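Dear colleague,

I am passing on to you the structure we spoke about, together with some notes on what turned up in it. Please look through the sequence and the coordinates before reading on.

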Amino acid sequence: MSKGNDKTSAIPYSEDNDPIDLTCVDSQEFFNAEADVTVTVNEYRLKNKENKYVHAFEYIVKNNSNSDIKVEKVYSERLAALKDITTSTFVDYDKLDVADTLAIPLAVATGGLSFGFTIANNVRLGMVVKEATRFAHSLPENYDLKANSSMRILCMKFKEDPQPLQFTINKQGQTYQFTY
């Protein structure tokens, strides 16, 4: 049913100004002279199991001009949604359940130490959802960016094929499109 439709998050875009406590693995800065916009792209490694499939990205869009601009649309061919993350990590945790059933011989062999230090799969899945939800919001549309100010976009991209974000910006009646 959803074939051919854009995949959008159920969580609407909202500004997030909290610091990101993740390891930054890459940072790039791009400047679009026509629109007078600077885009800084930071790539972060997530802490939990979802890091096996996705990385978190932070896009900081700065309006360098003295006039307001409208970020009409931000789009990507393929972003990781919260459903993708929970499904892929849940499948991995389901594989671990088999190991949990074999944990009794392991607990006997190690004197019960390893069995006592395991984390339940539902707790691990909760940790994944909590971390990924911050980066699973929809991309902004029709966002007014004031002069000499910036906005931050958080998203998740699949590690095997990260697709760039495509920006459509309107500045004083002129439309500019660029991809980073």
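Gln 172 counts as exposed, because its relative accessibility is 65% and the cut-off for that class is over 50%. Please keep in mind here, as in the rest of this message, that the model is a predicted one. Gln 172 sits in the loop that links β7 (166-171) with β8 (174-179), and its backbone is worth a look as well, since phi of Gln 172 is near 50°, a positive value in a residue other than glycine.

A positive phi also turns up at Asn 142, where the angle is about 50° although this residue is not a glycine. Asn 142 is placed within a strand, namely β5, which covers residues 141-145.

Turning to the sheet, you will find an open arrangement of 4 strands in the order β1-β2-β3-β6, with antiparallel pairing. Its edges are formed by β1 (23-32) and β6 (150-158), each of which pairs on one side only. On average, and with direction ignored, neighbouring strands of this sheet are turned by 20° against each other. As a general point, strands of a sheet pair through backbone hydrogen bonds, either parallel or antiparallel.

If you would like one pairing to follow in the viewer, I suggest that of β1 with β2 (residues 37-45), two strands that run antiparallel and are joined by 9 bridges. Within this part of the model, Ser 27 stands opposite Asn 42 in β2.

With best wishes

Definitions and conventions. Residues are numbered from 1 along each chain as its sequence is written. This is a predicted model: local features need pLDDT of at least 70, side-chain atom pairs count only at pLDDT 80 or more; totals for chains, interfaces and linings use all residues. Side-chain values use heavy atoms; hydrogens and water are left out. Buried means under 20% relative accessible area, exposed over 50%, partly exposed in between (1.4 Å probe, protein chains only). Two strands pair if DSSP finds at least two bridges between them. Axes are lines fitted to C-alpha atoms, for helices over the stretch in contact, and angles run from 0 to 180 degrees between N-to-C directions.
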